[in-house]
Amino acid sequence: MAAPLFEIENLHVRPVAEARGKQVGEILKGVDLTIGAGEVHALMGPNGSGKSTLANTLMGHPSYEITQGTILFKGEDITEQEPHERAKAGLFLAFQYPVSIPGVSVANFLRMAINAKREEPIQVKEFRMQLQHAIELLDVDRSFTSRHLNDGFSGGEKKRAEILQMAMLAPDVAILDETDSGLDIDALRTVAEGVQRLHDEQGLGALIITHYQRILHYVKPEFVHILMDGRIVLEGGVELVERLEREGYDQIRQEVGAGTSAVGAGDSGV
Amino acid sequence: MTAVSDADASAADSGGNGATPVQVKPGRHREASLYHALAGAGAGDGRSLEQLRAAALEVYESSELPVWRRSGFWTTSLQSLDLDALEPAAAGEGVPDVVRRTLPDGERAGRIVQSAAEVVSVELDPALAERGVILCSLEEAFRDHAELVTPWYSRRLTIDRHKLEAANAALWRDGVFLHVPAGVAIEAPFEIVYAIERPGVAQYARTLVLGGAGSEFRVHEYDLAEDFEGQALHAGAFEMYLQDGARCRLAQLQDWGRGDVFDVSTRFVGVGRDAHCHWLPALLGGHLVRQHLELAVSEPGGDMAFRGLLFTEEHEHLDVFAVDLHETGPSGGDVHWRGAATGESRASFEGLIQIDPGAQRTHTYLQFHSMMLSPKARIDAIPSVLVSADDVSASHGGTVGELDETAIFYMQTRGLDRASAVRVIVEGFFEPLIAELGNEGLEDVVRGKVAAKLAAAREDIEAYATSR
C-alpha cells in the first residue's frame, strides 16, 4: 500500500443547525478512511447513508460541522481549513450538481483556478497547450471552453466540464460525488474513461462516491467501502462491487446489523 | 434567483374604441409610479436661446429645490444641497487628472472635455472635420452653426419641471455639440467628458448630438469627479436626435467619486425612421443621483436596445427613471438593466414602457435584475406599462438575487478564495451587458470600476455572508 496521503479518522459530522432550536443528529458517526497516493477508492451506500455529506465535509462545506475526528492531507491537519485552501493543497471535488456561473467562460474560469494555485500567472501558451490536451483527453468540442461555465449545459456537459476542470487542476485526490448520476451511457463512459486516464497518466487518486455500480465497470477501484447510516460497515476489494450487484444493500445491512431502525433506537435511548 | 414579476400588457390593456380619442390608460403597476415621460414637444418651439434662458431663469428663481416622494418608501430630496454655496466656476488648468486616469487610450474619433463650466479641450480627427463632422462647445455651435443647432435645441427637453432643470436651461455654459452628417460612418468613438475637480462647483452641462440620415457612430460620455470632501452639483441636459436610418451606440459612464456630488440630469434620445440606438448608461456612483433617461422611437421602423447597469455603495442614493417610449409603429424596443448594491446604499429603478396611440405593431420588453450585496443595501424595481394601442406586445420581468453560497463554495473547491468567488459572480452578473458595449477600451474601464467597487466593499460583503 502506498504511503497514506489522505487520512480520515473517526469523523463525526452534523449539519449546521438552522436557527429553529431543532435537535440535529449526526449524519456521520465515526468514519475512518485512508487513501494512499494514486489509489482509486469507491465509496458506496444507499440513499441517505451520508455519502454526499462526507464528500462535502472533506472539502469544507460551511453547512456541515465536524464534532469529532480529524482530516489529514499530506500529513497536515486540514480539518479547519477553508475550501480553497484544501483545493490549493491538492484536493478536488466533482459535484453531483455542478453550479452554473453565468458570465464566465470555461476557459477564463480555468485560468483563474489555475492561477489561484500558482505564484506567477500561467503563460498564455502553456495554458493553451494544457487546455488542448485536456480537451482531447475528454473528447469535448473546442467551442465548449468559450461557453459560460455550466450555464445552459446539459447534464452530460456539466459532468464533462467537471472532469475537464479536474484534468486541468491536476489534484492529488479527486472526490467524485455521484458523478455518474443522471448520465446516459455514452456520457458515463467518457467521464469514467477520463478519470481512468487521469489516474493512469497523472497518478490521480480518487474517491468515487456512488449509489450504483455501473461507473465502476469503467473505472476499476482497488478498494471498496460500504457506507451505511453514517459508518463504514464493510470494506474490501472490487469483489464487493460484484457482491452488491448480486445481493443488494439489504442483504449486507442484515449481515452487518447496521439497520437504520436499530441505530436510530440506540441513539434516542441515550 | 427568483422571479419577482412578469406581467404582460397587450391588447387587453388598451383603451379607446375609435369613437373618442384614445386615452392613455394605466397599466397594472402604474400606481407605484413617481415620474412621467416627457413624451411631447420640448421648450424649443421656435424660441431663441435668449428667450429660453430668460424663461428658464424665471422658473429657477421662483422655485424651491425639488423633493420627489413615492408613497411611503422612496424619497429623493435635494434639500440637503446647499445650492447658494455653489457656483458655475471656471475650470482648472488643462485636462483634469481624473480624465487622464480614467479614459482608455484606444483610437477615438474625437474628444471634448468640459471641466466645471468650461470646455478645456477639443480634439477632432481632421479627416472627419473635412467630411463635415462638427465637435465643439454648444455655445460656439450657436454662434457658428445657428441654422443647424436652433431647430433641434431643446426640441424635446423641457425647462420648467423643476428648479435644477430650469437652472440648467438658464445657466449652462460652453456645453457640447456633435454633428455627424448624413452618410458618415465611423467606428471609433466620440468621447464627451464632464469633469468636476473640486467641491463648490455647480456644473450645468448641456449636450446636443445630431446624427444625420444614414450616419453610423459611437458616443461615449464620461461623467467624472475627483475624490474630494464637500458638495458639488452636476445638473445635466442631454439630447440626441437620430435621423432616417442613422445608427448610434451611446454609452455613458458615470462615477462621481467619493465627494458629495449631486447629479440631477435628463437625457433624451429620439430615434427617427428606420434608425437604431443602442444606449447603455453605466451608473457607478454619486452621492445623490437622479437620472431621467428617455429613449423614444419617434418614427416608423425605428428600434432601440436600452441597456444599463448601476452599482451603488456606501450611503449613495440613486434614482433612475428609464423610459422606453414608442410614438409610432412599427417599432421595436428591448430594455435590459442590471443593478447591484453594497453598503447602506439605496437605488430605485423605475422602468416605464409607454406606447402612444397609433404606435401599432410595437414590440418591446423590459427586464431588470438586481443583486443585493449587503443587508442594509436596497434596490427597488418598479416596472410599469402604459399602452394606448391595441396591436402591440409589451411585457416586463425581473429577478432579485443575493450571493449564491453554493456557487461560492463551488468556486472555492477550485481554489478561488471567497472574495475572488464573489467577484466572479458579480462580474459575471454584469458581464452580458458590459460585453455588449463592443469597445474594448470602454469595456475595460467599466470592468475595472466594478472590480474596484467590489474591492472597496469586501468587508461589507464578508460580514453579510457570515451573518446568514
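# Asking a predicted model how we know

Q: Which residue of β10(A) stands opposite I226(A)?
A: Opposite I226(A) you will find L234(A) in β10(A). You are looking at a predicted model, in which local features need pLDDT of at least 70, side-chain atom pairs count only at pLDDT 80 or more, and totals for chains, interfaces and linings use all residues. Residues are numbered from 1 along each chain as its sequence is written, while chains are lettered from A and ligands numbered from 1 in the order in which they are written.

Q: What makes strand β9 (residues 223-228) of chain A and β10(A) a pair?
A: Two strands pair if DSSP finds at least two bridges between them. Here there are 5 bridges, in the antiparallel sense, so the pair meets the rule. As for the names, helices (H or I, at least four residues) and strands (E, at least two) are DSSP runs, numbered from the N terminus.

Q: Which strands stand at the edges of the sheet β6-β7-β8-β3-β9-β10 of chain A, and what makes them edges?
A: This open sheet has 6 strands and mixed pairing. Its edge strands are β6 (91-94) and β10 (231-236) of chain A, as each pairs on one side only. On average, neighbouring strands are turned by 20 degrees against each other, direction ignored. Such angles use axes, which are lines fitted to C-alpha atoms (for helices over the stretch in contact), and run from 0 to 180 degrees between N-to-C directions.

Q: Which strands of chain A does helix α1 (residues 51-59) lie across, and which does helix α7 (residues 239-256) touch?
A: Helix α1(A) lies across β3 (40-44), β6, β7, β8 and β9 of chain A, at about 145 degrees to β7(A). Helix α7(A) packs on the sheet and touches β3, β9 and β10 of chain A, and its direction makes about 140 degrees with that of β10(A). Contact has a cut-off: the C-beta atoms of two residues, placed from the backbone, lie within 7 Å.

Q: How do you know what span to expect for helix α6 (residues 185-202) of chain A?
A: The rule is 1.5 Å times one less than the number of residues. The 18 residues of α6(A) should therefore span 26 Å, and the end C-alpha atoms are 25 Å apart, which agrees. Just after α6(A), G203(A) takes a positive phi of about 70 degrees.

Q: Which residues of α6(A) are called buried, and what do they pack against?
A: They are L188(A), T190(A), V191(A), A192(A), G194(A), V195(A) and L198(A). Each has 20 or more other C-beta atoms within 10 Å of its own, the cut-off for buried (exposed is 12 or fewer, partly exposed in between, with C-beta atoms placed from the backbone). These residues pack against α4 (124-138), α5 (155-169), β7 (173-177) and β8 (205-210) of chain A.

Q: How do you know whether strand β9 (residues 202-211) of chain B is enclosed or open?
A: Count its buried residues: 10 of the 10 qualify, so β9(B) is largely enclosed by the rest of the structure. A202(B), Y204(B), R206(B), L208(B) and L210(B) point one way, with Q203(B), A205(B), T207(B), V209(B) and G211(B) pointing the other way. In a regular strand the side chains alternate between the two faces of the sheet.

Q: Which strands does β9(B) run parallel to?
A: Strand β7 (residues 176-180) of chain B pairs with β9(B) over 5 bridges, and F177(B) has L208(B) as its bridge partner. Strand β11 (residues 231-242) of chain B is joined to β9(B) by 10 bridges, with A205(B) opposite G236(B).

Q: Why are β6 (134-136) and β21 (378-387) of chain B called edges?
A: Each has a single partner strand, so one side of each is left without a neighbour in the sheet. That open sheet has 9 strands and mixed pairing.

Q: How do you know whether the radius of gyration of chain B agrees with a compact globule?
A: The radius is taken over C-alpha atoms, and the globule rule is 2.2 Å times the number of residues to the power 0.38. For 468 residues that gives a value near 23 Å; chain B has 22 Å, which agrees. Of these residues, 55% count as buried.
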